[in-house]
Amino acid sequence: MERRSPPTERVVRLLDLLARQPQEGLSLSELARRLDISKATSLGIAGALTQAGYLVRAEDKTYTLGPALLGLGRAASEAFTSLAFARPELRRLNQEVGVASSVSTLVDDKIVLLDRTGPHGELDGMLQVGQRYPYTPPSGLVLAAWLDDPDITQWLADYPEVSMDSSLEHLRALVDTAREHGYIVERMSDVSVGALTLLAGLEGHALPAPAEDAIANMVSNLADRHYVSRHLRRGGHYAVTFVSSPSYDHDGRPDLLLGLLVFRSNVAYNELTRYGAAVRQAAARVTAQAGGRAPWDGRRAPKCRVGQRTSATRAPARRKPTRRTTGRTAR
């Protein structure tokens, strides 16, 4: 079990808090209140970060993020090698379909939002750069669905504390849909929007890791969170949060996840398929520019057999870990 460092966690929480509202400075008293720490502790952290250039103290005695973070941000961007190709595609998507767009990737066992563009508004509180969401089943399926069957099986085995036995039929249907269409459509509901709001809110609070993970998984465990092929019919209208598609690395594994932040309750079928085609094509261009390859290379993708007892799945060989363990987006 990893050892935790409460002083370090307080520093991270303070930076995360200011990052969620970069244009709005916070006073020392407000920092202490929002982080649930003493004013003296808040002063010590803010003072040290200001001296190092990570924060700036304005004349009105409020704190905002400082210039030293720019260098860290540039270094982090260089670590995610495909991100340079994805950013122009986000702008292109926004101009082409008029919807905000985002790009995420897997870091350790969290899906991290790397960048977003487009109209800002009520999404800002839920979907900000640096926001982290669990890769554990079932929420991590948005990325894991793009793996091949043995790696999906390994992903499930990596998280034995989360049972997906009752959801395997849905999992297979979603993977088949992803392979057929090249994109995933997430269904919008009051529960799904509330889940995003709650997950985003976890970042600013000192919850024990097991409690945070339990809440994240609980609000993400939505049996009908995605549309699958049988739901998508001409003439239909759909409530949609995200439409997403991945770029791939040189091993044919999902690298970055490009997404359209739709958040509309009445999207016509033709409009939805236009969104899907746009994000799929954008992801394919990132794959090509980054030197990656799509896993099926033009071949017809096989049906998903995860959880079914066949000769191919009875005793899968140990594969590469499905969790990203470094900051690199290409393996």
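# Strands and cores in a predicted model

Biologist: In which strand does F263 lie?
Modeller: This is a predicted model, where local features need pLDDT of at least 70, side-chain atom pairs count only at pLDDT 80 or more, and totals for chains, interfaces and linings use all residues. Residues are numbered from 1 along each chain as its sequence is written, and side-chain values use heavy atoms, leaving out hydrogens and water. Helices (H or I, at least four residues) and strands (E, at least two) are DSSP runs, numbered from the N terminus. On that numbering, F263 lies in strand β10.

Biologist: Is F263 buried or exposed?
Modeller: F263 has a positive phi of about 50° although it is not a glycine. Residues under 20% relative accessible area are called buried, those over 50% exposed, and those in between partly exposed (1.4 Å probe, protein chains only). The relative accessible area of F263 is 15%, so F263 counts as buried.

Biologist: And K61, is it buried or exposed?
Modeller: K61 also has a positive phi, of about 70°, without being a glycine. K61 is in the turn of a hairpin formed by β2 and β3, with four residues between the strands. Its relative accessibility is 52%, so K61 is exposed.

Biologist: Let's stay there: which residue in β3 is the bridge partner of L55?
Modeller: Two strands pair if DSSP finds at least two bridges between them. Strand β2 (residues 55-57) and β3 are joined by three bridges in the antiparallel sense. Within β3, L55 has as its bridge partner L65.

Biologist: What is the strand order in the open sheet of seven strands?
Modeller: Happily, the ends are easy to place: β6 (132-134) and β8 (226-227) are the edge strands, each pairing on one side only. The pairing in this sheet is antiparallel. Read across, the order is β6-β5-β4-β10-β9-β7-β8.

Biologist: Which residue in β5 stands opposite V103?
Modeller: Strands of a sheet pair through backbone hydrogen bonds, either parallel or antiparallel. Strands β4 (residues 100-107) and β5 (residues 110-117) run antiparallel and are joined by seven bridges. Opposite V103 in β5 stands D115.

Biologist: Helix α5 packs on that sheet; what angle does its direction make with that of β4?
Modeller: Helix α5 (residues 83-97) touches β4, β5 and β10 (254-268). Axes are lines fitted to C-alpha atoms, for helices over the stretch in contact, and angles run from 0 to 180 degrees between N-to-C directions. For α5 and β4 the angle is about 150°.

Biologist: With which residues is S104 in contact, leaving aside neighbours within four places in sequence?
Modeller: S104 is part of strand β4, and its relative accessible area of 10% makes it buried. Contact means heavy atoms within 4.5 Å. With those neighbours left aside, S104 contacts I111, V112, L113, L114, D255, L256 and L257.

Biologist: Which residues of the largest nonpolar core touch the most other members?
Modeller: A nonpolar core is a set of buried Ala, Val, Leu, Ile, Met, Phe, Trp, Tyr and Cys residues joined through side-chain atoms within 4.5 Å. The largest has 37 residues, and α5, β4, β5, β9 (237-248), β10 and α11 (269-289) each supply at least two of them. The members touching the most others are V240, V243, L258 and L260.

Biologist: Finally, how much of the protein is buried?
Modeller: The protein has 11 helices and 10 strands. Among contacts between residues at least 6 apart in sequence, 66% join residues at least 24 apart. Of the 331 residues, the buried share is 46%.
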